[in-house]
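Subject: Structure for your study

Dear colleague,

Please find below the structure that I am handing over to you. My findings follow it, and I would ask you to read them with the model open.

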Amino acid sequence: MPQRPSLQISVRLSGDTTILDLTGEITLFNSPEFANSDAQLRDKRVPYLLLNMLGVPYVDSSGVASLVEGLRFLAISRRALRSTGLSKSARTVLELTHLLRIFEVHQTEAGSFGSTATSTV
C-alpha cells in the first residue's frame, strides 16, 4: 500500500483571527484531517479563519470539497474564511471550479487582516 501523503496543520492566533498553517497536499487521503481541524475550529466559533496555504502544493477534488464545506458552514454562521499563499496548482483548481469568485483570497497574510474586499491577485 502506498504511503499516505501527510498534511501538517498548525493553529495560531492573530487578534480575532485564527490561522491554520497548512503544509502538504489536501487530497482524498488527508482531506478528513483538514475537515476535522476545520470542524473543531468551527465548534469553537472563531470569528475569522485564515488558511495559510503557502505550504500546499496541490489540492484535489476531495480537498476542494473540504474547503467548500468549511466555507459553507462559516457563511451560514456569518463568519469569515480567508486564504492566502495559494500555489499555482491550487489556484488553478480553484479557478477551474469557479471558487475564486467565492473564496476571499489574499496575496499575503498581512493583506488579509481587516479587509473585506476579495482579492484574486
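A residue is called buried when its relative accessible area is under 20%, and exposed when that value is over 50%. Please bear in mind throughout that this is a predicted model.

By this cut-off, the buried residues of helix α2 are Gly63, Val64, Ser66, Leu67, Gly70, Leu71 and Leu74. Seen down the axis of α2, these buried residues fall within an arc of 160°, so they line one face of the helix. The general background is that an α-helix has 3.6 residues a turn, so residues three or four places apart point the same way. On the other side of α2, Ser61 and Ile76 are exposed.

The helix α2 itself covers residues 61-76, which makes 16 residues. From its first C-alpha to its last it reaches 22 Å, close to the 22 Å expected at 1.5 Å a residue. At its start, a side-chain oxygen of aspartate 60 comes to within 3.0 Å of the backbone nitrogen of serine 62. After α2 comes arginine 78, which has a positive phi near 60°.

Helix α3 (88-96) can be described in a similar way. Its buried residues include Ala90, Arg91, Val93 and Leu94. They cover an arc of only 160° around the axis, which puts them on the same side of α3. What do the buried residues of α3 pack against? They pack against α2 and β5. The face of α3 turned away from its buried side carries the exposed residues Lys88 and Leu96.

Histidine 98 follows α3, and its phi is positive, near 60°, although this residue is not a glycine. Histidine 98 is placed in the loop between α3 and β5 (104-106). Is histidine 98 buried or partly exposed? At 46% relative accessibility, histidine 98 counts as partly exposed.

I turn now to the strands. Strand β1 (residues 7-14) and β2 run antiparallel and are joined by eight bridges; in one of them, glutamine 8 of β1 has threonine 23 of β2 as its partner. The two strands form a hairpin with two residues between them, and glycine 15 in the turn has a positive phi of about 65°. With strand β3 (residues 48-55), β2 pairs in the parallel sense over six bridges. Here the bridge partner of isoleucine 19 is leucine 50 in β3.

Seven of the eight residues of β2 (residues 17-24) are buried, so this strand is largely enclosed by the rest of the structure. Threonine 18 lies in β2, and at 4% relative accessibility threonine 18 counts as buried. Leaving aside residues up to four places away in sequence, threonine 18 touches Val11, Arg12, Leu13, Leu41, Val46, Tyr48, Leu49 and Leu50.

Finally, some values for the chain as a whole. There are four helices and five strands, and from the N terminus on they run β-β-α-β-α-β-α-β-α. Of the 121 residues, 46% count as buried. Among contacts with a separation of 6 or more, 62% are between residues 24 or more positions apart. The chain exposes about 6700 Å², of which carbon and sulfur atoms supply 56%.

Yours sincerely,
A colleague

Note on methods: Residues numbered from 1 in each chain as written. Predicted model: local features only at pLDDT ≥ 70, side-chain atom pairs only at ≥ 80, totals over all residues. Heavy atoms only, no water. Buried < 20%, exposed > 50% of the residue type's maximum accessible area, 1.4 Å probe, protein only. Contact = heavy atoms within 4.5 Å. Areas by Shrake-Rupley, 256 points an atom, 1.4 Å probe, with all protein chains shown as cover. Expected span 1.5 Å × (residues − 1). Arc of directions from axis to C-beta. Polar contact = N/O pair within 3.5 Å; in protein donor to acceptor, adjacent residues only side chain to side chain. Pairing = 2+ DSSP bridges.
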